[in-house]
Amino acid sequence: MATASDVQRLRSETGAGVMDSKKALEAAKGDFDKAKTILKEKGLASAQKRSDRETKEGVIEAYIHSGGRIGALVELSSETDFVARNDEFRELAREIAMQVAAMDPQDIDELLAQAYIRDASKTIGELVTTLASTTGENVRVRRFARFQLGGSNGEAA
């Protein structure tokens, strides 16, 4: 039987709902790591189901690296403006803009495959998928651009 504290811990680490966390812990027979894996697989499956939904809302987030010599713009899109106004959504957009400024990916596929600069155990794609699972909407990086003083600038899409 999953304890309330185990369910809460799993929720806080994965962003999953109460019932999903409880069911995952029960399916894993109390094994916390196995429960996280179950939730991750479930999240990936549900995110895949939503991937064909249209994303017309979202935000454009800017990041300027200290010193003002490198900057990035990222368009992160969602299905509704309700999700786009969410603090977690806006924070992810900022983190992705910081990633673009730091790692200079050439296209969206490369960006999504990159290890997240703050936690190399996760990729940018996994962060996007986790947010999509948490919000229940299709979330995607639509496009980005990186600018460097004195360098060649270009938009990646």
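**Cores and surface of a predicted model**

The accessible surface of the protein comes to about 9,200 Å², and carbon and sulfur atoms hold 49% of it; areas follow the Shrake-Rupley method with a 1.4 Å probe, and for residues only the protein chains shown count as cover. This is a predicted model: local features need pLDDT of at least 70, side-chain atom pairs count only at pLDDT 80 or more, and totals for chains, interfaces and linings use all residues. Residues are numbered from 1 along each chain as its sequence is written, and side-chain values use heavy atoms, with hydrogens and water left out.

Me: What percentage of the 157 residues is buried?
Reply: Buried means under 20% relative accessible area, with a 1.4 Å probe and protein chains only. Of the 157 residues, the buried share is 37%.

Me: Which element gives the most residues to the largest nonpolar core?
Reply: A nonpolar core is a set of buried Ala, Val, Leu, Ile, Met, Phe, Trp, Tyr and Cys residues joined through side-chain atoms within 4.5 Å. The largest has 27 residues, with Leu76, Phe89 and Ile96 making the most contacts inside it. Elements giving two or more residues include strand S2 (70-78) and helix H7 (124-135); helices are DSSP runs of H or I, at least four residues, and strands runs of E, at least two, numbered from the N terminus. With eight residues, the top contributor is H5.

Me: Which residues does Ile96 contact, leaving aside neighbours within four places in sequence?
Reply: Contact means heavy atoms within 4.5 Å. On that basis, the partners of Ile96 are Val74, Leu76, Leu111, Ile124, Val128 and Val141.

Technical notes. Buried means under 20% relative accessible area, exposed over 50%, partly exposed in between (1.4 Å probe, protein chains only).
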